[in-house]
Amino acid sequence: MIVRRSSREIECMREAGRIVAEVLAMCGRTAAPGLTTEDLDREAEALICKRGGTPLFKGYRGYPKSLCTSVNEEVVHGIPGPRALKEGDLLSVDVGVRLNGYCGDAAVTVPVGRISPEARALSDACREALDAGIATLEPGMRLGTLCRAIQEFVEARGYSVVRKYTGHGIGREMHEEPQVPNFFTRAMGDVALPEGTVLAIEPMINAGKADVEVLSNGWTVVTRDRSLSAHFEHTVAITKNGPDILTLERT
Ligand code: MF3
Ligand code: CO
């Protein structure tokens, strides 16, 4: 069942989303060669708390940190630790915040110092694929339209879409219905998205093949062929005026 959010609830999610956006902007500015991913996590958690929010990921199924930091061939769920970032790394940062009982969730992929043209192109394609997906949102649309738009955009650039992980509905909980794959399946074609639906849309795309595996820490997802991966995510409401992105710093 898809929960429709009132405009009052959507404003609560925007408040959570603002903190999410502020954390991601801070991470983008701070990420530099020599900084460890746990340094970034500590700063992120401090900022979330300073704004009155709670880290959404910490403690979720035993996840130990506030951020996910996924470097290069890591797709998602990289655990912040003593690894120092280095020049040329492609860093995906994912963060969720709960504020006054409502959730926001977003991710960006950022360069560490100067990155290769290949890494830049992959990251650009992922961000643009998310934008292309968001642009399809209107009340009453089919979920399949969104999924297909993302998949077609990514594959037209010659990249692959990760199938093992998906986006999701979001509200009072981080993961609500519906699942939001970044590829088309027939079942998605039948799901209607009414006004008030709020989705966390999050394409994960690989330079090589779509296959992924989970490392022995039980969390970190990597590409099977160890090709580069990128990840962008926004929490977005479907309103009568179209898409309303809730994970922005100021709107
Ligand atoms: N954005 C991811 C998701 O929606 C992040 C979850 S990380 C976890 O699933 F640690 F909380 F699982
Ligand atoms: Co998410």
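**Helices, cores and unusual backbone angles**

Me: Does Arg226 count as buried, exposed or partly exposed, and at what relative accessibility?
Reply: The model is predicted, and its relative accessibility for Arg226 is 42%. Buried would require under 20% and exposed over 50%. The value for Arg226 lies in between, so this residue counts as partly exposed, at 42%.

Me: Where is the place of Arg226?
Reply: The phi of Arg226 is near 60 degrees, which is positive although the residue is not a glycine. Most residues other than glycine have a negative phi. As for its place, Arg226 lies in the loop between β14 (221-223) and β15 (229-231).

Me: Asn72 also is not a glycine; what is its positive phi?
Reply: Asn72 belongs to the loop between β2 (67-71) and β3 (74-76). Its relative accessibility is 14%, and because buried means under 20%, Asn72 counts as buried. Its phi is positive, at about 55 degrees.

Me: Which residues does a cis peptide bond join?
Reply: Most peptide bonds are trans. Here, one bond with an omega of about 0 degrees is cis, and its second residue is a proline in strand β9 (residues 176-180). The two residues joined are Glu177 and Pro178.

Me: With which residues is Gly171 in contact, leaving aside its neighbours within four places in sequence?
Reply: Gly171 sits in the loop between β8 (167-169) and β9. Its relative accessibility is 0%, so Gly171 counts as buried. Outside its sequence neighbours, the contacts of Gly171 are Arg5, Met13, Gly101, Tyr102, Cys103 and Glu176.

Me: How far apart in space are Gly171 and Pro139, C-alpha to C-alpha?
Reply: Along the sequence, 32 residues separate Gly171 and Pro139. In space, the distance between their C-alpha atoms is 17 Å.

Me: What should the 18 residues of helix α3 span, and how far apart are its end C-alpha atoms?
Reply: Helix α3 covers residues 117-134. At 1.5 Å a residue, its expected span is 26 Å. The distance between its end C-alpha atoms agrees with this, at 26 Å.

Me: Which residues of α4 are buried?
Reply: Helix α4 (residues 143-156) ends with Ala156, which is exposed because its relative accessible area of 71% is over 50%. The 14 residues of α4 reach 20 Å from first to last C-alpha, close to the expected 20 Å. Its buried residues are Leu143, Gly144, Leu146, Cys147, Ala149, Ile150, Gln151 and Val154.

Me: At what angle do α3 and α4 pack?
Reply: The contact between them brings Ala125, Glu128, Ala129, Ala132, Gly133 and Ile134 of α3 against Leu146, Ala149, Ile150, Phe153 and Val154 of α4. The axes are 8 Å apart, and the crossing is right-handed. An angle over 145 degrees counts as roughly antiparallel, and α3 and α4 are therefore described in that way. Their packing angle is about 150 degrees.

Me: How far apart are the axes of helix α1 and helix α2?
Reply: In this pair, Ile19, Glu22, Val23, Met26, Cys27 and Thr30 of α1 meet Leu40, Glu43, Ala44, Leu47 and Ile48 of α2. Helix α1 (residues 7-30) and helix α2 (residues 37-50) pack at about 150 degrees, which makes α1 roughly antiparallel to α2. The crossing is right-handed. The distance between the axes is 10 Å.

Me: Which element gives the largest share of the largest nonpolar core?
Reply: The largest nonpolar core has 29 residues, and Leu137, Leu143, Leu146, Val154, Ile201 and Ile205 have the most contacts inside it. Two or more residues come from each of α3, α4, β11 (198-201) and β16 (234-239). The largest share is seven residues, and the element that gives them is α3.

Me: How many residues are in the second, separate core?
Reply: This core is separate from the largest one. Among its members are Val23, Leu24, Cys27 and Ala31. The number of residues in it is 24.

Me: Which residues does Ile205 touch, not counting residues up to four places away in sequence?
Reply: Ile205 is one of the residues with the most contacts inside the largest nonpolar core. Beyond its sequence neighbours, Ile205 touches Leu122, Ala125, Cys126, Val154, Tyr159, Ser160, Leu228, Ser229 and Ala230.

Note on methods: Residues are numbered from 1 along each chain as its sequence is written. Chains are lettered from A and ligands numbered from 1 in the order in which they are written. This is a predicted model: local features need pLDDT of at least 70, side-chain atom pairs count only at pLDDT 80 or more; totals for chains, interfaces and linings use all residues. Side-chain values use heavy atoms; hydrogens and water are left out. Helices (H or I, at least four residues) and strands (E, at least two) are DSSP runs, numbered from the N terminus. The expected span of a helix is 1.5 Å times one less than its number of residues. Buried means under 20% relative accessible area, exposed over 50%, partly exposed in between (1.4 Å probe, protein chains only). A nonpolar core is a set of buried Ala, Val, Leu, Ile, Met, Phe, Trp, Tyr and Cys residues joined through side-chain atoms within 4.5 Å. Contact means heavy atoms within 4.5 Å. Axes are lines fitted to C-alpha atoms, for helices over the stretch in contact, and angles run from 0 to 180 degrees between N-to-C directions. Angles under 35 degrees count as roughly parallel, over 145 as roughly antiparallel, 65 to 115 as roughly perpendicular and the rest as oblique. A crossing is left-handed if the near helix is turned anticlockwise from the far one by less than a right angle, and right-handed if clockwise.
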